[in-house]
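Visitor: I would like to learn how to read sheets, helix crossings and burial in a model. Please take me through some cases.

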Amino acid sequence: MRKLFGTDGVRGVANQDPMTSEMAMRIGRAAAHVFRDSSRRHRVVIGKDTRLSGYMIESALTSGLCSMGIDVLLVGPVPTPGIAFLTRSLRADAGVVISASHNPYEDNGIKFFGRDGFKLPDALEARMEELIFSGAIDAIRPTASEIGKAVRIDDAIGRYNEYVKSSLPRGMDLTGLRVVVDSANGAAYKIGPRILLELGADVISLYDQPNGMNINQGCGSLHPEVISRAVIANRAHIGLAYDGDADRVILCDENGKVVDGDAVMAICALHMIRQGRLKHNTLVATVMSNLGLELALREAGGRLVRAAVGDRYVMEQMLDGGYNLGGEQSGHLIFLDHNTTGDGLITALQIVSIMKQDGKPLSELAACMRTYPQVLVNVKVKEKRDLASIPELAQRIAAIEKTLEGTGRMLIRYSGTELKLRIMLEGDEVTEIKRYADELAELVRKYIG
């Protein structure tokens with residue numbers, strides 16, 4: 001069992017275990033040992049979002065890394081995908097992001113990128129945990145000139161700014177486009193609006209005044225109703241809502257209607273198919289993405305490959321299959337032609353560029369897929385028993401799957417963190433799939449509830 005690292009690094013309430021200064025220093029020391037592969041000087045980039053606790057964690061991490069002879073490049077508040085890019089751009093040996101993404105300000109987290117800009121594999125994180133808790137590196141104490149140093153990189157945001165803009169087709173600008181941007185008082189508070197302004201857009205910038213305690217507070221990707229209202233009030237063409245570390249974005253169209261990650265993936269994938277740029281005509285999404293996405297791709301000659309929930313599993317499928325586009329319903333999209341992780345800023349630019357190229361409003365582009373009704377029921381269970389070992393339940397699942405074949409979809413899985421079984425159905429008729437979901441839930445309660 002993991003003691004520290006979850007699906008996206010280490011996360012918790014700041015100044016409580018495991019997100020304490022002491023643990024951050026130990027994580028820094030373990031990371032330094034793992035990333036060192038020769039006697040040369042090694043360098044690690046550290047970036048963060050706008051949380052008050054970021055200063056505390058940054059100082060402790062820096063101390064841990066320097067105590068092991070690693071030089072630290074401090075870039076300040078920058079989106080998570082910016083660290084993936086800067087790690088490669090600055091030829092660093094690793095990148096670290098101090099952020100808890102969409103969580104409230106009292107939380108914080110630490111996640112790593114390798115020198116290639118990709119998130120670390122499980123094996124490396126497990127090795128770091130082993131070093132932290134075994135004390136195996138406690139005696140390693142470089143002295144004199146072998147101790148690392150920390151320097152601030154002043155042009156980091158500028159580098160990432162230019163990189164994001166380079167994802168647009170050459171010569172394109174956004175003149176005539178009015179955009180509402182909600183930066184969630186997070187890592188994109190400067191760069192998000194600035195990129196759009198530099199490209200010629202008329203920008204209405206919201207929640208761009210972080211004070212360390214207002215990140216994600218009633219704003220950002222968890223509150224798309226904010227940009228929805230602002231788009232209508234300002235007669236804008238599109239609204240963009242980032243989360244705290246800007247690795248994802250939720251959109252709304254010119255009518256204020258929210259456009260989720262599934263619709264964004266459909267727009268981008270179909271556009272790339274038409275241009276011959278979608279590798280193997282394949283999009284990678286998770287098991288939670290709507291059936292309508294799969295059918296829209298199939299109709300255009302493409303296909304959908306499904307991964308487990310979590311961006312690292314989407315990335316694994318992309319790398320294994322040689323695919324260049326993947327993402328999640330939450331608005332977390334990976335454009336491997338441009339960056340090595342989900343990037344809300346690049347996603348936003350891809351959408352506005354398609355609007356410009358096709359000469360269509362977002363509402364018309366989003367109509368490329370039909371969203372099928374979805375019903376989700378969570379059932380508390382006393383054990384995570386193999387469902388195939390419950391004959392009555394297994395037979396009913398098989399019968400419903402046969403009924404839905406071609407017109408619907410069913411997904412039944414246990415929660416990874418709770419004693420719950422999640423039953424999800426999609427289909428043409430919401431009353432029908434709700435009846436099926438309730439029926440299965442009752443059988444689950446009967447046998448293992």
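The dialogue below goes through two sheets, a strand pair, a helix crossing and two buried residues.

Guide: Keep in mind that this is a predicted model.

Visitor: How should I read a sheet, and in what order do the strands of the 5-stranded open sheet run?

Guide: Begin with the strand order, then look at the sense of each pairing. Here the order is β8-β7-β9-β10-β11, and the pairing is mixed.

Visitor: Which strands stand at the edges of that sheet?

Guide: β8 (202-206) and β11 (258-259) do; each has a single partner strand, so one side of each lacks a neighbour in the sheet. A helix also lies against this sheet: α6, residues 191-198, touches β7, β8 and β9 (238-242). The direction of α6 makes about 170° with that of β8.

Visitor: Where does the mixed pairing show up?

Guide: Follow β7 (residues 178-182) first. With β8 it pairs in the parallel sense over 5 bridges, and V179 has V203 of β8 as its bridge partner. With β9, β7 is again joined in the parallel sense, over 4 bridges, and V181 is matched there with L240. The sense changes at the next step: β9 and β10 (residues 249-252) are antiparallel, with 4 bridges. In that pair Y242 is opposite V249 of β10.

Visitor: What connects β9 and β10, and how many residues lie between them?

Guide: The two strands form a hairpin with 6 residues between them. In the turn, A246 has a positive phi of about 60°.

Visitor: How do I read the two faces of a strand?

Guide: The general idea is that side chains in a regular strand alternate between the two faces of the sheet. Take β9 as the case: I238, L240 and Y242 point one way, while G239 and A241 point the other way.

Visitor: Are the residues of β9 buried or exposed?

Guide: β9 is mostly covered, with 5 of its 5 residues buried. Both sets of residues, those pointing one way and those pointing the other, are buried.

Visitor: Can another strand be read in this manner?

Guide: Look at β2, residues 42-48. This strand is mostly covered too, with 6 of its 7 residues buried. β2 pairs with β3 (residues 70-77) in the parallel sense over 7 bridges, and H42 is placed opposite I70 of β3.

Visitor: What is the pairing in the sheet ordered β16-β18-β17?

Guide: That sheet is open, has 3 strands, and its pairing is antiparallel. β16 (374-380) and β17 (409-414) are at the edges with a single partner strand each, so each has one side without a neighbour in the sheet. Ignoring direction, neighbouring strands are turned by 10° against each other on average. β16 and β18 (residues 420-426) are linked by 7 bridges in the antiparallel sense, with K380 opposite K420 of β18. Helix α14, residues 430-448, packs on this sheet and touches β16, β17 and β18; its direction makes about 10° with that of β16.

Visitor: Next, helix crossings. At what angle do the axes of α8 and α11 cross?

Guide: Read the distance, the angle and the handedness together. The axes of α8 (residues 261-274) and α11 (residues 344-358) come within 11 Å and cross at roughly 55°. The two helices are therefore oblique to each other, and their crossing is left-handed.

Visitor: Which residues meet where α8 and α11 come into contact?

Guide: From α8 there are V264, I267, C268, H271 and R274; from α11 there are T347, Q350, I351, I354, Q357 and D358. By class, the residues of this contact are 5 nonpolar, 4 polar and 2 charged.

Visitor: How do I judge burial for a single residue?

Guide: The cut-off is a relative accessible area under 20% for buried. I400, in helix α13 (residues 391-404), has 1% and is therefore buried. Leaving out residues up to four places away in sequence, I400 touches M410, L425, Y436 and L440.

Visitor: What about S228: buried or exposed?

Guide: S228 belongs to helix α7, residues 225-234. With a relative accessible area of 13%, S228 is buried. Leaving out residues up to four places away in sequence, S228 touches C252 and G256.

Notes. Residues numbered from 1 in each chain as written. Predicted model: local features only at pLDDT ≥ 70, side-chain atom pairs only at ≥ 80, totals over all residues. Heavy atoms only, no water. Axes fitted to C-alpha atoms, helices over the stretch in contact; angles between N-to-C directions. Parallel < 35°, antiparallel > 145°, perpendicular 65-115°, else oblique. Left-handed = near helix turned anticlockwise from the far one by under 90°. Contact = heavy atoms within 4.5 Å. Nonpolar A, V, L, I, M, F, W, Y, C, P; charged D, E, K, R; others polar. Pairing = 2+ DSSP bridges. Buried < 20%, exposed > 50% of the residue type's maximum accessible area, 1.4 Å probe, protein only.
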